[in-house]
Amino acid sequence: MATMYKTAIVTDTNSGLLPEEAEHLGIHLVPMPVIVDEESFFEYVSITQADFFARLKGGAAVSTSQPSPGALLSCWDALLETYDNLVYIPMSSSLSGEYQTAAMLAEDYDGRVHVADTHRISVTQRQAALDALHWVQQEKSAAEIKVYLEHDGRNSNIFIAVNTLELLKKSGRVTAAGAALGSILSIKPVLRIQGGKLDAYRKVRGMRAAIQAMIEGLQADLQQLDCPQVMLRAAYAGDCAAGIAWQAALQEAFPECTVGLDPLPLSVCCHVGYGALGVGIAKDILTEGDAI
């Protein structure tokens with residue numbers, strides 16, 4: 001019989017966790033909404049990655065949203081019938097209002113709901129959920145887990161190489177003129193998400209140069225992360241074959257690491273488009289033996 005712990009761990013599909021993977025691990029997953037041609041869908045519930053990219057290639061307008069208060073309350077209420085409390089791990093507060101909404105709603109739960117702002121998204125948010133699950137199994141309290149996650153959250157980094165500038169132009173992150181010039185010159189911006197903020201890291205010509213730029217960024221990060229073991233996971237937007245090749249390139253560049261692979265969550269794909277490649281790095285406490 002599986003051990004029943006007092007604290008539930010809840011995150012959203014921005015973590016890149018697949019529903020079947022989350023269920024196997026015992027992590028509870030909130031599906032993120034995505035808006036396609038003004039119609040709302042829910043990741044892995046009413047829209048798949050394949051459906052999303054088919055619509056995107058067909059010229060659909062896409063945008064993101066956050067879970068409704070009702071969806072969060074329904075999830076939390078159901079879990080608190082079984083668990084004493086829960087830790088909720090949304091995407092970074094710097095990238096969405098989801099954290100602020102969840103933190104406000106948690107005030108009505110008399111300390112039973114702890115919302116952690118890890119300043120993460122995608123594969124690093126995934127690692128935060130795994131870290132939280134580890135501490136639950138070590139019988140740490142929900143309050144202790146929240147403090148750890150928020151303290152350690154910035155100890156991570158994500159690089160994303162964008163194959164098209166079109167969606168960044170629509171979101172206002174590059175001008176129309178800049179996007180047109182970038183397409184002509186095959187400029188590939190490499191973006192970085194560190195401390196929850198999305199910033200430009202480097203502009204290069206061609207995806208091969210973008211891949212090299214990300215590898216160089218990771219090499220610098222490895223020197224800065226003060227831990228013997230790190231999590232390194234590749235991610236891709238729509239093009240699984242390109243993702244597998246990117247994972248292999250990372251594994252060759254970092255043979256000391258076991259490189260995982262995930263699809264980028266749709267909330268990220270809405271901004272970076274088809275063909276983007278990403279990678280996340282964070283401390284891996286599951287092998288390091290960290291303590292709180």
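In this predicted model, Leu105 sits in helix 4. With a relative accessibility of 12%, below the 20% limit, Leu105 counts as buried. Leaving out residues up to four places away in sequence, Leu105 touches Pro69, Leu72, Leu73 and Trp76. One of these partners, Leu73, is 32 residues away in sequence, yet the two C-alpha atoms are 7.8 Å apart in space.

Leu105 has company in helix 4, which spans residues 98-106: Glu98, Tyr99, Thr101, Ala102 and Ala106 are buried as well. These buried residues cover an arc of only 165° around the axis, and therefore lie on the same side of helix 4. A little helix geometry is handy here. An α-helix has 3.6 residues a turn, so residues three or four places apart point the same way. As for what covers the buried residues of helix 4, the list includes two helices, helix 3 (69-79) and helix 6 (142-152), along with strand 1 (7-12), strand 6 (85-89) and strand 7 (113-115).

Strand 6 deserves a closer look. Five of its five residues are buried, so strand 6 is largely enclosed by the rest of the structure. Both of its faces are covered, with Leu86 and Tyr88 buried on one side and Asn85, Val87 and Ile89 buried on the other. Strand 6 runs parallel to strand 1, and five bridges join the two; here Ala8 stands opposite Leu86. Strand 6 also runs parallel to strand 7, this time through three bridges, and Leu86 stands opposite Val113 of strand 7. Between strand 6 and strand 7 the chain passes through helix 4, forming a β-α-β crossover that is right-handed.

The aromatic residues come next. A pair of aromatic rings is described by the distance of the centres and the angle of the planes. Six aromatic pairs are found in a search of the whole structure. In one of them, the ring centres of Trp76 and Tyr88 are 5.7 Å apart and the planes meet at 65°; because this angle is over 60 degrees, the pair is edge-to-face. The pair links distant parts of the chain, since Trp76 belongs to helix 3 and Tyr88 to strand 6, 12 residues apart. Both Trp76 and Tyr88 are buried, and Trp76 is also among the residues touched by Leu105.

Another edge-to-face pair is formed by Phe159 and Tyr201, with ring centres 4.9 Å apart and planes at 65°. This pair, too, joins distant parts of the chain: Phe159 lies in strand 8 (residues 156-161) and Tyr201 in strand 10 (residues 197-205), 42 residues apart. Phe159 is buried, with a relative accessible area of 0%, whereas Tyr201 is partly exposed at 23%. Elsewhere, ring pairs link Phe52, Phe53 and Tyr274 into a cluster.

Finally, attention turns to a loop. Ser15 is found between strand 1 and helix 1 (19-25), and with 0% relative accessibility it counts as buried. A polar atom of the Ser15 side chain lies 2.8 Å from the backbone oxygen of Asp12. Apart from neighbours within four places in sequence, Ser15 is in contact with Leu29, Ser122, Val123, Gln125 and Arg126.

Definitions and conventions:
Residues numbered from 1 in each chain as written. Predicted model: local features only at pLDDT ≥ 70, side-chain atom pairs only at ≥ 80, totals over all residues. Heavy atoms only, no water. Buried < 20%, exposed > 50% of the residue type's maximum accessible area, 1.4 Å probe, protein only. Helix = DSSP H or I, 4+ residues; strand = E, 2+ residues; numbered from the N terminus. Arc of directions from axis to C-beta. Contact = heavy atoms within 4.5 Å. Pairing = 2+ DSSP bridges. Right-handed = clockwise from strand over helix to strand, strands pointing away. Polar contact = N/O pair within 3.5 Å; in protein donor to acceptor, adjacent residues only side chain to side chain. Phe/Tyr/Trp six-rings, centres within 6.5 Å; stacked < 30°, edge-to-face > 60°.
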